[in-house]
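Reader: Can you walk me through this one? Let's start with the ligand.
Author: Sure, here it is.

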Amino acid sequence: MSDSILHTMGQQLGRRSWAEPWKIKMVEPLRVIGQEERQHAMKDAGYNTFLLRSEDVYIDLLTDSGTSAMSDRQWAGMMLGDEAYAGSRNFYHLEEAVRDYYGYKYIVPTHQGRGAEHLINQTVIKQGQFVPGNMYFTTTRLHQELAGGIFVDVIIKEAHDPNDLHPFKGNVDLDKLETLFKERGVENIAYVSLAGTVNMAGGQPVSMANVKALRGLCDRYGVAIYLDATRMFENAYFIQQREEGYANKSVAEILKEFCQYTDGAWMSAKKDNLVNIGGWLAVNDYELFDQLRNLVVIYEGLHTYGGMAGRDMEAVAIGIAEGVQDDQVRARVGQVEYLGTLLLDWEIPIVKPVGGHAIFLDARAFYPHIPQDEFPAQTLAAQLYTDSGVRGMERGIVSAGRDPDTGEHRYPALELMRLAIPRRVYTQAHMDVVAEGVKTVYDSREATRGLKMVYEPKYLRFFQARFEAQ
Ligand code: F0G
């Protein structure tokens, strides 16, 4: 049936639904434990959802990272793994896929995103240089800091307001960036760290106009731009939907145009590329590539596998071609929006507009009576798990960590609890159950008390910190 006939049918029905461009071939049974057991499990886990056992979780929205369902084609590709130590044919397939779809020249495989972050930052940052970026990401900033860099947030101010409806809240504030260039001197800027669908801002996209203007500014000052391409398919989809002039372009075309304004990218293939493990780094400059290719053998593995098995690289190569399809991204972002709409209909405070990979509950608005240093978002994640077995993650003061100079907590403007939706895993019915769980927790918000941190690891504390009830 042609698109136009479908469209006419949709208009006659007064609506136009989308459905996933796949059907389910294999299922994994879920187990639900009782509320009392969940209470014990949460307490034993120190009120940190990262420390729960997954078998005690009913619907797992901890992350969309490495949790995708692979397709039959990807699984078939796993059987084509060429497990040679050097020169695996799957590496060349991966290289070709990154070149074709993202457009970069040289590719270095890594075991996952943070492996790539480590290599690029160790290579391009000199001690004491500034790294401006459109909001921090936990592992990204840590690798920048460990390489001697100082992260500076240059995202537009609208990104810090959960209720601001700006369509591209991931945009870089170019005036702020130029001021930084002038005040610090470009020799003290390592590069611009640009992320698509900014995770910590609520999955908010960057517009094509913004990246184009950023390129112009950086060219004038001679500064490189490296892209965190982790969720760029979703960013490209938002450009198609929201930015003038892109409605008739495919996600793949938009992606390639966007990447063209950057000098390279690092990637957690565990997200958009639809695999359970993997990553890559890609650059256009041969000299830089040469350094990265040398460094990868120390930390990840030979430059033709970088920590991945041949079969994993095959799955990434196929995942890139699948994940970038318009209908795939539409269904993915559509499911996130479906959950968001259910919550908005109940006037539950979430980050707006709804982002690409997750719903972010605004824990400040949930619990105005819980001060930030009693961890409102951590509390909310614990409450939701206990109520319904749904697992989310804190994205607020615990994730922000401490200032390396003062040792004080960083107090981010956004105190959020994230419900990240794995790709191709859950159904609309699961989303209904999640929404009802959130509603129950919202309805009992006034009686909820905060938490006290009783164990705090040095790096990326949110993963392993432990809490007690107040
Ligand atoms: N960049 C972004 C924007 C990410 O979201 C992540 C991971 C990484 C880099 C690091 O990649 O996990 O493959 O080493 N984000 C996950 C999450 C962990 O749950 O958001 P990685």
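Reader: Which residues come nearest to the ligand?
Author: Thr63, Asp228, Ser268, Lys271 and Arg418 come nearest, out of 17 residues around the ligand. A residue counts as near if one of its heavy atoms lies within 4 Å of the molecule.

Reader: Before I go on, what am I looking at?
Author: A predicted model: local features need pLDDT of at least 70, side-chain atom pairs count only at pLDDT 80 or more, and totals for chains, interfaces and linings use all residues. Residues are numbered from 1 along each chain as its sequence is written, and side-chain values use heavy atoms, with hydrogens and water left out.

Reader: Which side chains make polar contacts to ligand oxygens?
Author: Arg114 is one of them, with a polar side-chain atom 2.7 Å from a ligand oxygen. For Asn199 the distance is 2.9 Å, and for Arg231 it is 3.0 Å. A polar contact here is a pair of N or O atoms within 3.5 Å.

Reader: How much of the ligand does the protein cover?
Author: 95% of the 470 Å² of accessible area that the ligand has on its own. That area comes from the Shrake-Rupley method with a 1.4 Å probe.

Reader: What classes of residue make up the shell?
Author: Two nonpolar, eight polar and seven charged. Asp, Glu, Lys and Arg count as charged, and Gly is among the polar ones.

Reader: Which helix gives the largest share?
Author: Helix α5, residues 113-124, with three residues. Helices are DSSP runs (H or I) of at least four residues, and strands (E) of at least two.

Reader: And which domains?
Author: Domain 1 (18-64 + 326-469) and domain 2 (72-323) each give at least three residues. The bounds come from an automatic or database domain assignment.

Reader: New topic. What is the strand order in the open sheet?
Author: β9-β12-β11, three strands with antiparallel pairing. Strands pair if DSSP finds at least two bridges between them.

Reader: Why do β9 and β11 each have one side without a neighbour?
Author: β9 (358-362) and β11 (393-395) stand at the edges with a single partner strand each, so one side of each has no neighbour in the sheet.

Reader: What is the bridge partner of Met393?
Author: Arg418, in β12. β11 and β12 (residues 416-420) pair over three bridges.

Reader: Where is the cis peptide bond?
Author: From Lys352 to Pro353, with omega near -10°. Pro353 lies in the loop between α13 (326-345) and β9.

Conventions:
Polar contact = N/O pair within 3.5 Å; in protein donor to acceptor, adjacent residues only side chain to side chain.
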